[in-house]
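What follows is a walk through a single chain, taken one part at a time. Please keep the sequence and the 3D view open while reading.

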Amino acid sequence: MMPNSFTDTLFQLVRSLEKAEKRHFKLYIKRSSGNEDLKIVELFDALDKLPEYDEALLLKKLSSIKKPQLANVKVHLYKQLLASLRLLKSNDSIDLQLNEQFDYAHILYKKGLFTQSLKILDKAKETAKANHKINFLVSAIALEKRIETLHITRTMQTRAEELSAEINEVNQRIDALSKLSNLAMLLYSWFIKNGHARNENDEEKVKEYLKAHLPDNAYQQTGFYEKLYLYQSLCWYAFIRQDFLMYYRYAQKWVDIFKAEPLMIRVETGHYIKGLHTLLNAHFDLRNYQKFDVTLKLFEQFAETDRVRLHDNFRTQAFVYIYSAKINQHSMLGTFKQGVLLVPYILEKLEEYELFIDEHRIMVFNYKIASMYFGSGDFNACIDYLQKIINENAEVRSDLQSYSRLMHLMAHYELGNYELMEYLTKSVYRFMAKKDNLTVVEEEMFKFLRKSFHVSRNKMQAELEKFLDKIKGLEKNRFETRAFAYLDIISWVESKVYKKSMSEILQEKYRESKKRNYGLTPTPLPKRGNSKG
């Protein structure tokens, strides 16, 4: 019998298909078999109509397939679906086109038609080089070498030298690409697990990791992918360390390499979309209001192109990042009530794209939606969304787990649920301490909350002013203000002190905002073997 995981995979694949893909599959099967009543078509139709996978119900709907046959028919259907999709999507993907050309060249080689095989390989290699597909060149050159040893030509001596030099150059590039792409992936993984650096110890670990894994010649690389993965690595390095100026500079470089080579926007659409998302995050962190708006409009325009709209993955990515940015924009501007109006549409789309969106993205959306409700004053709705995070796996984004609990505590404070506050304060404090997520700001927050249980109403104003002075004094210390990347505690306390809503406080800051003058030189980048960060 087929394992359950594969059964689920097949059902997911069927449910993920667009109307055009379903229609193409039916035509593909009809052409390749000449029989419209194939068992796999019956199985396909039955799976397509099921709201969720239920094997007992599925078997009742299948007239020509018995239980002992089901596993083999599923395997066959899965393979035919992939074959149909490969045929349909081949014009849309450089990788699929190159693999197809390699398959043709290999078939001709097996037939002994060496010259024809070499011609196809030459054209495929030109396409690969134009699109920076270095990995393809390894297989192509290996086949070329095999052919040259069997099909002796008058240029064999010079061609052997050329191929040897070519493969050496490709191997060097692949080595650099492998190291840089691994570094980018592992730094991103570090952030997903831990969030921002919590202290000097975390930062030192990240610095040492970068120095140990960054290739010696990383900054001298000129290839598109080498630069892409280098900029991604440096973005994550800066973001983890909360060096938002450095984060912005490399996010901009990430997007700029696509502007320099527009062809690569189509080849690596996913990386371009992620680059726009990263740049928007950098503008948000630096409160670059105008540049944020310009980049968001550019992203929205790109999301309307066929390249994005007609591709499941890109369409989902664009939705996630654009609506994450829209919520961030409402947070910056203090327009929380307008932000809340986006929630029904976001929830509808999250359900529509359920197959394609991971647990981490859902968690981030729940946190952002909770923030919108908090800022708008709907604390009960805020608590509902925070509970979705608090009840999730605490091993993913321990930072969001911590700050969800802190916002949850603040929402109960706003609701006046003082009978819960003492217990919740102790519980949240213990959780954050265990996760090593306590900075001076959080410590001051907990001190204020504990004291507030015993302070009379007429003395509360003085306590709020003291609390505000303390946390504003910490505003420029990266490690002490880690909380500000998650919760705008200062604006919240200001709203209490000045007896205004958070919306009013943030809108005043926006009106008064000027271009920030950091007065800083860029953070020096660690070099391999250099003991200083």
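In this predicted model, helix H10 passes H11 in a left-handed crossing. H10 covers residues 200-213, and the two helices pack at an angle of about 165 degrees, with their axes 10 Å apart. An angle over 145 degrees counts as roughly antiparallel, and H10 is therefore roughly antiparallel to H11. On the H10 side the contact is made by Val206, Lys207 and Leu210, and on the H11 side by Leu234, Tyr237 and Ile240. Sorted by class, the contact of H10 with H11 has five nonpolar residues, no polar ones and one charged one.

Following the chain out of H11 leads to glutamine 242. This residue lies in the loop between helix H11 (224-240) and H12. Glutamine 242 is not a glycine, yet its phi is positive, at about 60 degrees. With a relative accessible area of 7%, glutamine 242 is buried, because buried means under 20%. Helix H12, on the other side of that loop, spans residues 244-260 and has the highest mean pLDDT among the elements of the chain, 97.

A second residue with a positive phi is arginine 287, again a residue other than glycine, with a value near 55 degrees. Arginine 287 is found in the loop between helix H14 (269-286) and helix H15 (289-303). Its exposure is described by another word: at 30% relative accessibility, arginine 287 counts as partly exposed.

Further along the chain, helix H20 (residues 359-376) packs with helix H21 (residues 379-390) at an angle of about 165 degrees, and their axes are 8 Å apart. H20 and H21 are therefore roughly antiparallel to each other. H20 passes H21 in a left-handed crossing. From H20, the residues in this contact are Met363, Asn366, Tyr367, Ile369, Ala370, Tyr373 and Phe374; they meet Phe379, Ala381, Cys382, Tyr385, Leu386, Lys388 and Ile389 in H21. By class, the residues of the contact of H20 with H21 divide into 12 nonpolar, one polar and one charged.

Helix H17 (residues 312-333) and helix H27 (residues 502-512) give another geometry: they pack at an angle of about 85 degrees, with their axes 7 Å apart. Angles of 65 to 115 degrees count as roughly perpendicular, and H17 and H27 are therefore roughly perpendicular to each other. In H17 the residues concerned are Ser331, Met332 and Leu333, which meet Leu506, Gln507 and Tyr510 in H27. The contact of H17 with H27 divides into four nonpolar residues, two polar and no charged.

Where does serine 402 sit? Serine 402 has its place in helix H22 (residues 398-415). Its relative accessibility is 0%, so serine 402 counts as buried. Apart from its neighbours within four places in sequence, serine 402 is in contact with Phe431, Met432, Lys435 and Asn437. Between serine 402 and lysine 110 there are 60 Å in space, C-alpha to C-alpha, and the two are 292 residues apart in sequence.

These parts can now be placed in the whole chain. Its secondary structure comes to 27 helices and zero strands. The C-alpha trace spans about 95 × 65 × 40 Å along its principal axes. Of the 533 residues of the chain, 52% count as buried. Among contacts between residues at least 6 apart in sequence, 67% join residues at least 24 apart.

The last topic is confidence. The mean pLDDT of the chain is 87, and 92% of its residues reach 70 or more. Among the elements, helix H1 (residues 4-16) has the lowest mean pLDDT, 73. Over residues 1-7 the pLDDT is below 50; this stretch has 13 contacts in the model beyond near neighbours in sequence. Residues 515-523 also have a pLDDT below 50, and this stretch has eight contacts beyond near neighbours in sequence. Where pLDDT is low, the predicted coordinates should not be read in detail.

Terms used: Residues are numbered from 1 along each chain as its sequence is written. This is a predicted model: local features need pLDDT of at least 70, side-chain atom pairs count only at pLDDT 80 or more; totals for chains, interfaces and linings use all residues. Side-chain values use heavy atoms; hydrogens and water are left out. Axes are lines fitted to C-alpha atoms, for helices over the stretch in contact, and angles run from 0 to 180 degrees between N-to-C directions. Helices (H or I, at least four residues) and strands (E, at least two) are DSSP runs, numbered from the N terminus. Angles under 35 degrees count as roughly parallel, over 145 as roughly antiparallel, 65 to 115 as roughly perpendicular and the rest as oblique. A crossing is left-handed if the near helix is turned anticlockwise from the far one by less than a right angle, and right-handed if clockwise. Contact means heavy atoms within 4.5 Å. Ala, Val, Leu, Ile, Met, Phe, Trp, Tyr, Cys and Pro count as nonpolar, Asp, Glu, Lys and Arg as charged, and the others, Gly among them, as polar. pLDDT is the predictor's confidence in each residue, from 0 to 100. Buried means under 20% relative accessible area, exposed over 50%, partly exposed in between (1.4 Å probe, protein chains only).
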